Amino acid sequence: MSLSSSEFTRSTCPYCGVGCGVVIETQRDAQGLAQVVGVKGDEQHPANFGRLCTKGSTLHLTAQPLRQMQVRATQPLIRSSKTSPMQAASWPEALDHVADRFAACIAEHGPDSVAFYISGQLLTEDYYVFNKIAKALIGTNNVDTNSRLCMSSAVAGYKQTLGADAPPLTYADVEQASTLFITGSNTAFAHPVLFRRIEAARAARPDMKLIVVDPRRTDTAAEADLHLAIQPGTDVALYNSMLHLMLWEGWIDRTYIEAHTEGFEALRELVRDYTPQRAAQICGVPVKSIEQATQWFATSAGTVSLYCQGLNQSTAGTANNAALVNLHLASRQIGRRAAGPFSLTGQPNAMGGREVGGLANLLPAHRDLANAEHRQEIADFWGVKPLQAKPGLSAVELFEDIENGKVKMVWIACTNPAQSMPDVTRVQAALAKAELVVLQEAYRHTATYKYADVLLPATTWAEKEGTVTNSERRISRVKAAASAPGSARHDWAIATDFAQRLEQRLANSGLDRRTSPDIHLFNYPDAQSIWEEHRETTRGRDLDITGLSYKILEERGPQLWPFREGQSAGQERLYEDGLFATASGKARFVAAAYKPTAEVVDARYPIALSTGRLRDQWHGMSRTGTVGQLFSHAPEPAIELAASDIAQRRLHEGQLVRVRSRRGDMVLPVRASAAQKPGSGFIAMHWGAEFVAGGGVNALTQPAFCPSSKQPELKHSAVRIEAAELTFRLVCFGWVAPERHLVVRHTLLAYFNAHGFASAVSFGREHDGVLLRVAHHEALPAEALAFVQSQFQVDAENLLRYEDPRKQSVRRLSIEQGVLRFVMLAGDAAPEQWLREFLENATSVTALGRALLMPSINAPQGFVSRGRTICNCFGVSEQQIQAVIVHGSKSAQERLQMVQQALSCGTSCGSCLPELRRLTAN
């Protein structure tokens, strides 16, 4: 295909909340459609200065046309009944259908019979329109977001203590801190580019202290000067103990407390009982570690705490956040350079969604739904009748009310609740029961698509126009670089088109909430007009951006808020004047007592299961999961346990086990991990029904939530582990044509979904491969094996076969031009590892010939396994690194430099640096 010369567009990365700037390279095809052909970090963007992680640096691969055509939603689809197939529709047909259904439901059952569940991956403009549809047009507060699953405890914690949902620092403060206190965050995996900045700062200032609080010994914890491996859910006990020590040692600032805070006396009384000895017993860490952490925190020239889901995803999530902020207020580690509590945002625009009020208890510009004055301000601004005072349904409550029939219809946009919600089997049942599920989505292969009655195709990264706000309150302009596929439309445009239709129908039914028929609530010609309306709602508020414009963002780059009218720049640091966003102007101490997790381990469920991120994947993997290269560091779903727990249960590495909680179960291979303490387990949050049979990891997790933030406790569930009695095992792997590889992967998993265990993942760098595993209580029939072979399009003429039905043994190998193209193994799978490496490395097997079929064949002499891939950028394996290290016995730093010079690993995105340092340390 002939493409034009390259064009370059500045935009942002669609993954985590660091908010990295990217430069997108596009070329136009013969039809004039712009295609993404490259991406690099934007050296002018103040969040990343050109750095990108493994995910960001492979964005262009996710946008390749051959991948996109297999997974993208490109036209509206409607299902006439729950059992009918989807049928193509025009945009007017689809939106009229949905508007008719919503209007009829509202008329019959009231405004709270419908709901919207949206996403921190939407742009600010998209968010604003959805919020306005629900609260202004329909009159319901049932609009919540997947940010409820990641950031609502941080929001509630900031508001309870400081008065506003506003991180007071910037990334520059993180770099300048004397002590970093990272708690409940594997920053190295979840916010890797920020961690690169931390690494650089520590290299420049070796006296910078790093304290990490995490039950697991993560890559972040391994870098720490002090690691407190507390028991899950004991954060409040630790922080209260640290405050107890600060009081005992005189490390608090009494003058600051008296002048700028309130509520300290109640907290002081509470923490009298939290001695280091008591906390050590509760948390499972040494007293000396608590004492050392407290001294560094309180006496440092500047302490910055960084925290994320480990604090937030808890039934004590708000208390965790507030207790941590208490430490900053008491020691005056706030309101000055390089000091303060810094909540790290999990999604690219969860911050922007909160700014526009996109949660069931919020209103635009950090207004509170519970505040009558705030409700009136926004109703007057929008020109609608009084807003409903009753809070809407939070995420968990929403799906519960869909299940019990109170909510009849739900509109889901840019998120995948059938994969990401806790107790997901119940959520899936609720979606199946709903009268109407509207799914506005860029991808048609997500778990939620199965339950959709209407699919509305949306644009995604590189195609969208608008703004996002990152973790440090910095607003970036998102600009479209690529053409949208098919008839996909921008999220705000879809929502606006629907709103205009619904507005007319509600008016005709006597349900018009406008104060005048001359008011048009959704007269938005473009994204900029929405943003300008949003901007006006912020006037006089803590996040006032009346001095900003699209023009400033485009000409001067990303800007911090607040950025008030008449100012030339945004405010870098908050609360330096000691005035907080509370009614009194004083910060509030919160006396939060320690409470155990909602579910405690016991004899029946003795393992504390946590979930979290992998280094090279993101969320439900609808984007990252399309690129085989991104599977290389963590190739397949697994549960990680301490080696002692595996031995105690008489299991072995790679054995299939059944993980069972009080809500559901799933079968996975078990892996030994040095990161795990005995009695704990870990499954990556990404492994849903798109990659492993059954409901995925969230079939295990619990919906119990924090009473203040209503954020569920995804970080802790009690489970038991037992061997999975599945005697027949099948593994297949091979190359698939790039235009088919994702379809083949999805087809194979769907075919074996009802079996005891099945997983299907991608692999490969230069080519697209699929790896399938199946386990069952009996041998698979011949037609099942034939189906698998047909999906890989194996040529029978080039196929070597060996089968022994008595031993349930199968071996089939396809060889083309002397190298393996496809392998199927059942029964004896001993040669799997070296056969896979031979296939991936295109190693010749000509000399082996039919000996490949011998049951006892071993790897050829001289074969050494590559081991795990450590560096994704250059495909460098653990074995390659070890081979270089063997040849020198210098210092750890010199060994690291030697490896980098020889193999280039760690010299591009740097995501592998923590692991490289561990490998070269000894």
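**Reading helix H23, strand E17 and the barrel**

Q: In this predicted model, what makes the span of helix H23 (residues 491-508) agree with its number of residues?
A: At 1.5 Å a residue, the 18 residues of H23 should span 26 Å, and the C-alpha atoms at its ends are 26 Å apart, so the two values agree.

Q: Why is H23 called mostly covered?
A: A residue counts as buried when its relative accessible area is under 20%, and 14 of the 18 residues of H23 are buried, so the helix is described as mostly covered. After H23 comes glycine 510, which has a positive phi, near 75 degrees.

Q: Which residues of strand E17 (residues 436-441) point one way, and which the other?
A: In a regular strand the side chains alternate between the two faces of the sheet. Leu436, Val438 and Gln440 point one way from E17, whereas Val437, Leu439 and Glu441 point the other way, and all are buried.

Q: How do you know that E17 pairs with strand E16 (residues 409-413) and with strand E18 (residues 454-457)?
A: Pairing requires at least two bridges; 5 bridges join E16 to E17 and 4 bridges join E17 to E18, so E17 pairs with both strands. E16 and E17 run parallel, and E17 and E18 also run parallel. Leucine 439 of E17 is the bridge partner of isoleucine 412, and leucine 455 in E18 is the bridge partner of leucine 439.

Q: What makes the pairing of strand E25 (residues 656-660) with strand E26 (residues 665-672) count as such?
A: The 5 bridges between E25 and E26 satisfy the requirement of at least two, so these antiparallel strands pair. Methionine 666 in E26 is the bridge partner of valine 659. Both strands belong to a barrel of 6 strands, closed in the order E23-E27-E24-E26-E25-E28 with mixed pairing, and the twist averages 45 degrees from one strand to the next.

Methods: Residues are numbered from 1 along each chain as its sequence is written. This is a predicted model: local features need pLDDT of at least 70, side-chain atom pairs count only at pLDDT 80 or more; totals for chains, interfaces and linings use all residues. Side-chain values use heavy atoms; hydrogens and water are left out. Axes are lines fitted to C-alpha atoms, for helices over the stretch in contact, and angles run from 0 to 180 degrees between N-to-C directions. The expected span of a helix is 1.5 Å times one less than its number of residues. Buried means under 20% relative accessible area, exposed over 50%, partly exposed in between (1.4 Å probe, protein chains only).
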